[in-house]
Amino acid sequence: MARVVVDVMLKPEILDPQGQAVQRALPRLGFDGVVDVRQGKRFEVELDGPADEAALARVREMAEKLLANTVIEEFDVRVEA
Amino acid sequence: MAPAIGVVTFPGSQDDQDALRAVRLSGASAVPLWHRDPDLHGVDAVVLPGGFSYGDYLRAGAIARFSPVMESVIAGARDGLPVLGICNGFQVLCESHLLPGALIRNGGMLFVNRDERLRVESASTVWTADYAPGQEIVIPIKNGEGRYTADERTLDALEAEGRVIARYLDNPNGSARDIAGIANAEGNVVGLMPHPEHAVEELTGPYPGPATDGLPFFTSILKHLVSVSA
Amino acid sequence: MSDPSPATVAHTVDSVENAAATPDVEQPYEALGVKPDEYARIRDLLGRRPTSSELAMYSVMWSEHCSYKSSKIHLKQFGEKAPDVDFLLVGPGENAGVVDVGGDLAVTFKIESHNHPSYVEPYQGAATGVGGIVRDILTMGARPIAVMDPLRFGPADAPDTHRVLPGVVRGIGGYGNSLGLPNIGGEVVFDACYAGNPLVNALAVGVMRKSEIKLAQAHGPGNKVVLFGARTGGDGIGGASVLASATFDEDKPAKRPSVQVGDPFMEKVLIECCLEIFAEDLVVGIQDLGAAGLSCATTELAAAGTGGMDVQLDLAPLRDATLVPEEILMSESQERMMAVVTPANVARFFELCEKWDVTATVIGTVTETGRLRMTWHGATIVDVDPKTLAHQGPVYERPYHRPSWQDALQAATPDTLSRPKTGDELRETVLKLAAGPNLADKSWVVQQYDHRVRGNTVLAHGEDSGMLRLDESTGLGVALATDGNGRYTKLDPYSGAQLALAEAYRNVAATGARPLAVTDCLNFGSPEDPAVMWQFAEATRGLADACQILGTPVTGGNVSFYNQTGEAAIHPTPIVGVLGVIDDVTRRTRSAFTGEGDILLLLGDTRDEFGGSEWAHQVHGHLGGLPPKVDLERERLLAEVLIAGSRDGMLSAAHDLSDGGLIQAVVESALRGDMGVRIVLPGDLDPFVALFSESAGRAVVALPRSEELRFTDMCRFRGLPVARIGVVDGGAVEVQGQFSIPLGELREAHTGTFPALFG
């Protein structure tokens with residue numbers, strides 16, 4: 001059993017209205033000094049076997065195909081210790 | 001003078017004009033309130049309307065609840081000010097902890113706009129007194145995050161205390177125990193996912209109808225306010 | 001040729017001074033879509049080579065999308081043949097046309113395409129399509145009050161359609177719902193020709209007082225130029241020209257620019273902010289930033305005003321600080337507006353922006369120099385006559401000729417197709433068409449749209465037209481319908497375009513509104529293909545002629561070319577939107593049969609017309625012959641009767657006859673009212689023809705027996721053929737002597753298709 005985490009974020013050049021809305025709200029709540037906020041998604045993928053290279057390749061494939069919309073998003077795959 | 005009912009406009013509110021119209025049609029005086037203004041301008045009751053306050057980007061209602069007007073609404077509600085939260089307004093009330101539970105993404109994952117059959121479960125709140133308990137009504141829903149959820153203990157308590165005010169007859173979104181609306185323990189704060197303000201005119205209400213089943217929410221509060229001021 | 005990306009052109013700022021001093025620098029104009037002769041013309045106009053910023057501006061302003069260079073000579077007809085009317089307040093050429101609807105109210109409406117972006121990224125493409133057309137309406141000074149979306153997709157069961165359609169629908173809903181705009185109509189049509197080239201057209205309508213109309217003009221030297229709304233990012237850089245001119249041919253390198261992402265929340269606050277600004281009369285002129293972004297807004301404002309403008313481009317607020325001037329000029333970041341404000345009003349303008357948390361920045365000043373000058377940290381990077389960008393773009397007289405295959409297509413009539421003969425066969429055909437993706441119930445789609453918000457929606461999806469109340473005290477309202485049939489237009493572009501207009505016109509009249517004016521979105525293949533250009537020439541000629549006859553001027557619209565993959569163009573698909581006015585919305589007519597015992601009347605003539613029909617398409621996969629005959633005088637007469645019947649309270653239901661013919665209309669009205677019908681077909685017609693023919697100029701109406709004589713007398717007096725064909729009764733759609741289908745079975749067939757395909 002292994003857990004692989006896929007973080008999906010909008011590509012840096014793509015407008016992130018969600019992050020901007022949060023950023024605008026923060027000063028109103030007294031949190032100053034925040035220059036930028038970007039909001040993403042985290043997927044926790046539980047594997048029934050070890051997180052070996054082959055398994056990670058499969059996770060990358062599922063991220064490419066399903067979890068992320070690679071037209072506007074990028075993703076990062078890592079094994080959770 | 002007719003009692004005054006305020007309708008809050010947050011940036012991103014959509015159904016504020018509709019709520020103001022429904023208040024007017026019920027005979028009350030409709031007062032627009034602004035999210036940045038903590039002054040409630042002496043209104044006797046407040047409606048938090050539908051929409052997507054601040055874009056609803058973090059969680060629906062999550063940012064609105066920190067607005068200046070909400071500080072006054074929250075304080076007022078604790079002192080008995082009647083407050084009705086519709087759709088996004090319900091979400092704001094839950095984020096404000098004036099009502100328990102939360103609204104999450106619909107079971108079908110999609111935004112759903114359709115006329116919904118409801119059963120009024122409680123006519124003992126100031127917002128539902130004009131209905132008969134058990135009355136079946138038709139009110140539109142339109143939301144993407146309208147699925148009511150709370151832990152089992154909270155749900156049991158809501159049921160036991162008669163605080164479920166309306167239930168779906170054909171649950172559209174997987175809401176726990178078919179809940180469409182709830183009240184606080186005192187009955188002055190009500191949250192409702194369906195939109196009664198969209199069922200107040202023959203011309204624009206649900207088709208084929210009944211078209212005006214939402215009006216009693218507004219006449220209920222008006223009668224209550226008239227009776228307490230008399 | 002150097003690297004084509006605009007970023008590399010601009011490692012150092014290419015100033016006017018530098019351009020004059022280095023005339024021989026090679027510029028990547030072709031990669032920007034500028035043809036060699038166009039580049040030579042730019043050099044001619046400037047008397048030197050353009051700076052890279054100027055080249056960026058010319059490339060987007062002279063693109064097909066912005067300059068209408070291939071369509072211009074044909075679109076002229078809409079003006080030349082425009083009917084002489086007194087209600088047109090603003091005609092084509094502005095952001096949207098404006099019509100007088102009575103009282104002190106004016107209505108503005110327009111349709112636009114967002115086809116290619118919606119294929120690349122369906123959600124954002126469709127969302128920003130809504131955002132763009134809504135800003136056009138806002139720019140006229142109007143409060144946007146509704147949207148509609150005519151859509152075309154590839155085959156319903158094709159895998160790519162399952163990528164594109166759900167995303168497009170969610171995008172339209174996600175953006176429109178968040179703007180608080182009711183979506184009151186549209187179409188969803190499938191055809192193999194749209195695989196790879198979906199059509200995502202968006203219509204918006206707005207209302208204002210006549211005195212509040214705003215124009216995109218920068219008048220008054222010394223007035224300030226204010227950029228407000230979202231910050232500028234790298235969205236869709238080059239999108240206007242590159243997206244609009246590149247086809248998705250897999251053999252060529254993909255020219256896919258970064259996608260534009262919309263922020264409906266920003267647009268919502270921008271709308272409310274602008275309306276408060278308009279209410280206080282704080283702007284001299286206003287323009288939204290759409291395709292070609294800042295390039296287009298500055299040049300159009302300057303060209304239509306005093307003539308000059310100085311802009312300090314480095315003052316534009318950026319989302320991405322690394323953007324270079326060329327990119328800023330081409331960026332298509334959404335939710336931005338540009339206003340011209342007198343110095344005295346600037347403070348109040350900024351106060352209102354602050355109230356709505358909208359970023360606003362003065363970036364320039366109106367001048368009387370006749371030049372649009374832009375600086376970047378002190379260096380002059382643009383110095384042009386704005387008219388050369390806005391109005392003096394290239395005009396092409398593209399060659400066109402009737403394609404060699406047109407005769408064969410028209411000769412392949414549907415007459416030889418096998419037709420259902422027995423009652424059972426007819427029954428089966430009814431169910432098959434009602435369940436076919438084109439005619440099936442679209443609730444799965446439209447339930448994702450909010451049609452109620454603002455509380456003035458009188459009619460929406462499932463009715464012949466969308467209808468909105470404008471004035472609660474008088475009941476004054478407007479109705480809108482969009483239609484377009486690519487199959488008809490492929491068979492005969494001239495009459496196909498006319499049939500699109502006729503159907504939308506008929507739909508508006510069927511609800512009781514008087515058709516007034518037209519907007520069109522002309523979706524075609526590549527204008528470089530003479531066959532496509534012939535289709536375009538014929539369709540525009542047909543539409544202009546028909547608008548003249550029906551007295552409904554074209555007030556504005558949009559041309560979308562290059563809807564093709566490789567050599568294969570889509571069916572020519574002009575989508576026509578018709579706006580109508582109704583004095584009292586409580587007099588509207590719905591399409592549902594609701595009155596037990598009501599009489600059913602068929603209005604108009606039915607002929608054996610199956611070319612391009614839904615039956616030929618759905619049952620036989622056949623396309624050939626000629627489309628139904630067009631009779632515009634008949635359409636006008638039918639409309640008059642429908643409007644009178646509605647106004648005088650004679651009708652309990654009316655439904656126009658189009659795709660699928662009489663029986664499909666009856667099925668829809670019966671299901672909508674949950675009430676059956678018994679039909680007795682006129683003896684002189686073959687039952688198949690009577691039920692499925694798509695002859696134009698027809699409608700079915702239901703009315704109480706007590707109104708029958710008065711109504712039929714009116715028809716006879718006016719010369720409109722009318723035939724009693726049945727009665728509203730029971731729980732089935734029954735055609736006497738042929739078949740009977742219980743409503744439950746019909747409903748299952750009609751409503752099951754979309755959930756099964758996409759649910």
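The exercises below work through chains B and C of a predicted model.

**Exercise 1. Confidence**

Task: Find how confident the predictor is in the model, and which stretches of chain C have pLDDT under 50.

Solution.
Step 1. Take the scores of the whole model: ipTM is 0.96 and pTM is 0.93.
Step 2. Turn to chain C, where the average pLDDT is 93 and 96% of the residues reach at least 70.
Step 3. Look for the low stretches. Residues 1-11 of chain C stay under 50, and the model gives them 22 contacts beyond four places in sequence. Residues 239-257 of chain C also stay under 50, with 44 such contacts.
Step 4. Apply a general caution: where pLDDT is low, the predicted coordinates should not be read in detail.

**Exercise 2. The overall form of chain C**

Task: Compare the radius of gyration of chain C with that of a compact globule of 759 residues.

Solution.
Step 1. For 759 residues, the globule rule gives a radius of gyration near 27 Å.
Step 2. Chain C has 26 Å, which agrees with the rule.
Step 3. Add the dimensions: the C-alpha trace of chain C spans about 85 × 55 × 45 Å along its principal axes.
Step 4. Add the contents: chain C holds 27 helices and 28 strands, and 64% of its 759 residues count as buried.
Step 5. Consider the contacts of chain C with a separation of 6 or more: 85% of them link residues 24 or more positions apart.

**Exercise 3. A residue in a loop**

Task: Decide whether C:Ala158 is buried, partly exposed or exposed.

Solution.
Step 1. Locate the residue: C:Ala158 sits in the loop between β4 (143-153) and α9 (159-179) of chain C.
Step 2. Count its neighbours: 17 other C-beta atoms lie within 10 Å of C:Ala158.
Step 3. Apply the cut-offs: a residue is buried at 20 or more and exposed at 12 or fewer. C:Ala158, with 17, is therefore partly exposed.
Step 4. For a distance across the chain, take C:Gly737: C:Ala158 is 579 residues from C:Gly737 in sequence and 39 Å from it in space, C-alpha to C-alpha.

**Exercise 4. A covered strand**

Task: Describe the surroundings of strand β25 (residues 699-703) of chain C.

Solution.
Step 1. Check burial: five of the five residues of β25(C) are buried, and the strand is mostly covered.
Step 2. Sort the side chains by direction. C:Ala699, C:Val701 and C:Leu703 point one way, C:Val700 and C:Ala702 the other way, and all are buried.
Step 3. Find the pairing strands. β22 (residues 599-603) of chain C runs antiparallel to β25(C), joined by five bridges; here C:Leu600 stands opposite C:Ala702.
Step 4. β23 (residues 653-656) of chain C is also antiparallel to β25(C), joined by four bridges. C:His655 has C:Val700 as its bridge partner.

**Exercise 5. A sheet and its helices**

Task: Give the strand order of the six-stranded open sheet of chain C, and say which helices touch its strands.

Solution.
Step 1. The order is β1-β2-β3-β6-β4-β5, with mixed pairing.
Step 2. The edge strands are β1 (88-90) and β5 (183-190) of chain C, each pairing on one side only. From one strand to the next, the twist averages 25 degrees.
Step 3. Examine one pair: seven bridges link β4(C) to β6 (residues 199-209) of chain C in the antiparallel sense, and C:Pro144 faces C:Gly206 across it.
Step 4. Place the helices. α8 (residues 122-139) of chain C packs on the sheet, touching β3 (105-113), β4 and β6, and its direction makes about 25 degrees with that of β6(C). α9(C) lies across β4, β5 and β6, at about 175 degrees to β4(C).

**Exercise 6. Where chains B and C meet**

Task: Identify which elements of chain B each supply at least two residues of the side that touches chain C.

Solution.
Step 1. Count the residues: 21 of chain B are in contact with 23 of chain C.
Step 2. Name the elements: α1 (16-26), β6 (112-120) and β7 (136-143) of chain B each supply at least two residues.
Step 3. Sort this side of chain B by class: eight residues are nonpolar, eight polar and five charged.
Step 4. Relate the two strands: β6(B) and β7(B) run antiparallel, joined by eight bridges, and B:Glu116 has B:Ile139 as its bridge partner in β7(B).
Step 5. Place these strands in their sheet. Nine strands of chain B form an open sheet in the order β2-β1-β3-β4-β11-β10-β9-β6-β7, with β2 (29-34) and β7 as its edge strands.

Conventions:
Residues are numbered from 1 along each chain as its sequence is written. Chains are lettered from A and ligands numbered from 1 in the order in which they are written. This is a predicted model: local features need pLDDT of at least 70, side-chain atom pairs count only at pLDDT 80 or more; totals for chains, interfaces and linings use all residues. The radius of gyration is taken over C-alpha atoms; the globule rule is 2.2 Å times the number of residues to the power 0.38. Two residues are in contact if their C-beta atoms, placed from the backbone, lie within 7 Å. Ala, Val, Leu, Ile, Met, Phe, Trp, Tyr, Cys and Pro count as nonpolar, Asp, Glu, Lys and Arg as charged, and the others, Gly among them, as polar. pLDDT is the predictor's confidence in each residue, from 0 to 100. Two strands pair if DSSP finds at least two bridges between them. Axes are lines fitted to C-alpha atoms, for helices over the stretch in contact, and angles run from 0 to 180 degrees between N-to-C directions.
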